[in-house]
Structures are given as C-alpha cells and as structure tokens.
Amino acid sequence: MTQEYKTEEQLKQEAKARREQAAKAPQKPKTKAQKKRENFWYHYKWQTVGALLAATLAVFFLRDTVFRTKPDLTVIMITSAFFDQDEIERLTHAIEDVAEDFNGDGKIMASIDYMFMPADEEFQDYATHMKMVAVLSASADPVYLLDEEAFVMLMEMSGDESIFEELSVQANALGVAGYDGLSFYIRKSEGFSKPRGYYDYCKNTLLSLNGR
C-alpha cells in the first residue's frame, strides 16, 4: 500500500477549496426542527458546553482510573457516514492485529471512541458535538480515524491551523473492507496530556502500517 504524505500547506489548501465549494452549493430551507435546535443552542450554549465537558471529563477519569482492563490503543473515529457496532468491532480487531501490548498486561486491546457527525445537519446532536470538543481539548489520545468531511470540520474548528502531523495512513491498509475514504492521522505532540511513551507507541503503530 502506497503511503500518503501531505504537507500542512496542502491540507490547508484542500480544506479551503472544499469550504468554498460547499459555500457555493444551494442552501436547503431550514426545517422547523433545525430552527428549534438553533434556538436552543443560542440560549443554552454555555450551560450545555459546561455540563457536557464535565460529564466527558468524568468518563475519562473513570476509564483511566477505575476499570482494570485498559486498552493499549484508543482511536478517535469521527465520520459523516454511519458505521454500526459490528463494523466498529471488525475494525477494532484489525487494529489489534497490528498493535502491541503497550501496558504489559499480557493482552492486546484496542478501543475505538466513535462519533457520528452528519455533515448536512449542523448541531444535529449537541451531546456528540460537545463530546468532540471535549476530546479535542483533552488531547489524551493522538490517533484519529477520519473521513474527508470530518477532516474538514476539524480543520475549521482549529482555525485552519493543522492539529495533525504530516502523516496519514489509509484505513484500508488494515485489509478490512468497507473503509475506503477513511484515513488515520496523528495529532501533533504539543499539549499532549499523557506520557510521551504512549504518544510514540501510537505513532509507531501507524507507521507499522507502511507497506501492508
């Protein structure tokens, strides 16, 4: 499998071109449900953000300190197309096949933190949107699996300043069908909140896909 490398400038230009193309597309009239959601967001944005950030941080705390079985590798997966649980499990097993026993418990376990964000419904799911914001802020897991729409969305949220290293690996390098158009990315190490050893382990896992 041929490895794809793109410069940060190329990623910015591609994101800008996609935004411009989307802006020229005819806009659909807003439905009553969309108007209600936007009104709710306008009036209760910060209350919702605060509550969901607190809940997400509590989940991170429980995951890292309470449960004994800890994954060796967690992948943040964000897509505009829906993947069901069977597809997620199939991908998880494929990741485990290339991962190593990072925590030394004698098991190789991968975890996928999946967020479905439809591109045509802004703020369709407040909880998912706020969870994504919290995940980006926490910067605890550096490996992301994104489709093109999710990549553009994260670029826009970061102000077009790439949060990823200049490394991308196509998901189909794992040899699992049904994931064309999705790519693995690794966040830049700045602000990473876990020990550097985990970051290096995640990056080396992606690099191990070279030539598969």
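Leaving aside neighbours within four places in sequence, which residues is Leu-206 in contact with? The legends below, for close-up views of a predicted model, begin with this residue.

**View 1. Contacts of Leu-206 in helix H6.** Beyond its neighbours within four places in sequence, Leu-206 is in contact with Val-143, Val-169, Phe-184, Tyr-185 and Ile-186. Leu-206 belongs to helix H6, which covers residues 196–207. Its relative accessible area is 4%, and because buried means under 20%, Leu-206 counts as buried. One of the contact residues, Ile-186, is 20 residues away from Leu-206 in sequence, with a C-alpha to C-alpha distance of 8.2 Å.

**View 2. The open five-stranded sheet.** The strands follow the order E2-E1-E3-E5-E4, and their pairing is mixed. Strand E2 (110–116) and strand E4 (164–170) are the edge strands; each has a single partner strand, so one side of each lacks a neighbour in the sheet. On average, neighbouring strands of this sheet are turned by 25° against each other, direction ignored.

**View 3. Pairing of strands E1 and E3.** Strand E1 (residues 73–79) pairs with strand E3 (residues 143–146) in the parallel sense, over four bridges. Met-77 has Leu-145 in E3 as its bridge partner.

**View 4. Helix H3 on the sheet strands.** Helix H3 (residues 85–98) lies across E1, E2, E3 and strand E5 (183–187). Helix H3 runs at about 140° to E2.

**View 5. Helix H6 on the sheet strands.** Helix H6, the helix that holds Leu-206, lies across E1, E3, E4 and E5. The angle between H6 and E5 is about 155°.

Key: Residues are numbered from 1 along each chain as its sequence is written. This is a predicted model: local features need pLDDT of at least 70, side-chain atom pairs count only at pLDDT 80 or more; totals for chains, interfaces and linings use all residues. Side-chain values use heavy atoms; hydrogens and water are left out. Helices (H or I, at least four residues) and strands (E, at least two) are DSSP runs, numbered from the N terminus. Buried means under 20% relative accessible area, exposed over 50%, partly exposed in between (1.4 Å probe, protein chains only). Contact means heavy atoms within 4.5 Å. Two strands pair if DSSP finds at least two bridges between them. Axes are lines fitted to C-alpha atoms, for helices over the stretch in contact, and angles run from 0 to 180 degrees between N-to-C directions.
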